[in-house]
Amino acid sequence: MIKTEKTQEKVVLVGVESFDNNQTFEASMTELASLAETAGAVVTTVFTQKKERLDGKYLVGIGKLQEIKDNLEADEADMVIFNEKLTPRQNVNLEGFLGVKVIDRMQLILDIFALRARSHVGMLQVELAQLKYLLPRLSGSKGLELSRQAGGIGSRGAGESQLETDRRHIRHRLEIIEAQLKKAEKVQENSRQKRNNSSVFKLGLIGYTNAGKSSVFNALTQKIQYEQDELFATLDATTKDFSLQDEFTVTLTDTVGFIQDLPTELVQAFKSTLEESNNVDLLLHVIDASDPNHKIHEDVVESIMKDLGMSDIPVLTVYNKLDLAEHFAPTILPSVQISIKSEAGVQQLRQAIIAKITELFVPFALDLPYAAAYHLPMLRKIALLETVVAEDETETYHVSGSISEREKWRLVEDGLCRVSH
Ligand SMILES: Nc1nc2c(ncn2[C@@H]2O[C@H](COP(=O)(O)OP(=O)(O)OP(=O)(O)O)[C@@H](O)[C@H]2O)c(=O)[nH]1
Ligand SMILES: [Mg+2]
């Protein structure tokens with residue numbers, strides 16, 4: 001993996017406000033600042049410019065650029081981060097003009113992922129995204145520089161062949177990583193397959209980064225999953241099972257958070273991780289109710305879900321951090337509104353999940369001979385049971401409750417369940 005050193009770099013932020021982005025501009029700049037801080041940088045100055053058409057060469061106007069340059073020295077800043085996506089050429093032009101390293105939002109997010117990745121698969125996924133991001137930039141930035149060194153038309157200078165070596169090297173590395181990832185994903189796929197075949201109800205967490213997904217995970221499963229007031233604290237998918245009510249057991253999967261303009265390189269690289277949430281029976285969409293931009297976050301999550309083909313999965317909307325919210329009005333109804341940091345909040349969430357599952361389940365009834373009583377523990381685990389009545393005369397258990405349609409079919413197939421319900 002390409003390591004990003006965590007040093008206290010001083011950075012200047014730049015954003016361009018246009019007609020297209022003016023609704024979300026301020027929020028997006030605040031977020032850029034927290035991204036920079038998450039990466040370990042200190043933001044010294046923020047420059048914004050209202051501009052209808054982005055400058056092809058420098059993105060911002062030359063006057064603004066000069067202002068940024070003048071300020072760099074005073075701030076002793078060693079990097080400029082642009083909120084908008086830069087083309088490889090703009091990147092080179094800007095670094096040439098400003099004399100410091102210039103990156104864009106995408107690269108910043110990639111850097112944070114590189115800092116965060118812990119597992120083997122996570123590291124491979126990040127390196128894949130980084131190299132894919134780098135490849136066109138090599139032919140752009142370095143390419144420009146090197147072909148200038150190479151000299152006249154038609155001459156194949158040392159620089160150019162070096163560039164080709166670099167590219168070949170990267171392509172080779174890409175092939176290796178892709179092969180390793182395929183292998184690792186097969187292992188993941190197998191354990192996912194096992195979970196899919198299991199009859200246990202599956203819950204998945206989804207939501208904007210920092211909404212409180214891992215906190216919900218920890219509170220419900222009483223397991224320890226890294227939770228921090230940082231963006232992208234979680235990168236790897238984790239699944240745990242826990243009892244929701246009596247013996248009724250579900251699995252819960254925590255996964256990577258979403259963000260506005262999540263680089264496509266990353267969505268591609270993390271597809272298998274994100275798909276962990278694709279095979280669930282119910283999604284818990286966690287939203288930070290205390291964030292004034294929660295509506296934007298909701299839209300981002302919904303649109304990424306659509307891209308990942310997850311729109312058909314039932315969703316329970318969970319507004320979290322109510323303890324911090326001041327003027328909160330939910331935009332999604334029905335929804336649960338809680339603070340997962342309070343015991344009452346955890347209980348309320350459990351009840352809401354049970355209610356939602358009951359809604360998704362279908363009623364069933366079956367008569368179980370005493371001799372087949374060994375089915376009972378399994379039924380208690382996968383179904384919400386209402387009555388279990390033992391009738392000694394006929395030596396039968398009369399069992400009723402609700403269960404998923406899929407499991408009801410299995411019961412019918414096994415000759416355990418009456419179809420009439
Ligand atoms: N006050 C308050 N803080 C909360 C609540 N829920 C979560 N937090 C805090 O919010 C921060 C982010 O929580 P996480 O659970 O790490 O969020 P996440 O959605 O998993 O974030 P990523 O993994 O970064 O995408 C942590 O500092 C939590 O302690 C809440 O209900 N109230
Ligand atoms: Mg998390």
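Which residue in strand 2 does Val14 stand opposite? In this predicted model, the partner of Val14 is Phe47. The two strands involved are strand 1, covering residues 10-17, and strand 2, and they pair in the parallel sense over eight bridges.

It helps to step back and look at the sheet around this pair. The sheet is open and has four strands, arranged in the order 2-1-3-4 with parallel pairing. Strand 2 (42-50) and strand 4 (101-104) are the edge strands, each pairing on one side only. From one strand to the next, the twist averages 20°. Helix 1, made of residues 25-38, packs on this sheet and touches strand 1, strand 2 and strand 3 (79-82). The direction of helix 1 makes about 160° with that of strand 1.

Helix 11 offers another element to explore. This helix runs over residues 343-360, and its 18 residues reach 26 Å from the first C-alpha to the last, close to the 26 Å expected at 1.5 Å a residue. Its buried residues are Gly345, Leu349, Ile353 and Ile357. Seen down the axis of helix 11, these buried residues fall within an arc of 105°, so they line one face of the helix. The face turned away from the buried side carries exposed residues, namely Glu343, Ala344, Gln347, Ala355, Thr358 and Glu359.

What do the buried residues of helix 11 pack against? Their partners are strand 5 (201-207), strand 6 (238-245), strand 8 (282-288), strand 9 (315-320), strand 10 (336-337) and strand 12 (384-391).

How values were computed: Residues numbered from 1 in each chain as written. Chains lettered and ligands numbered in written order. Predicted model: local features only at pLDDT ≥ 70, side-chain atom pairs only at ≥ 80, totals over all residues. Pairing = 2+ DSSP bridges. Axes fitted to C-alpha atoms, helices over the stretch in contact; angles between N-to-C directions. Contact = placed C-beta atoms within 7 Å. Expected span 1.5 Å × (residues − 1). Buried ≥ 20, exposed ≤ 12 C-beta atoms within 10 Å, placed from the backbone. Arc of directions from axis to C-beta.
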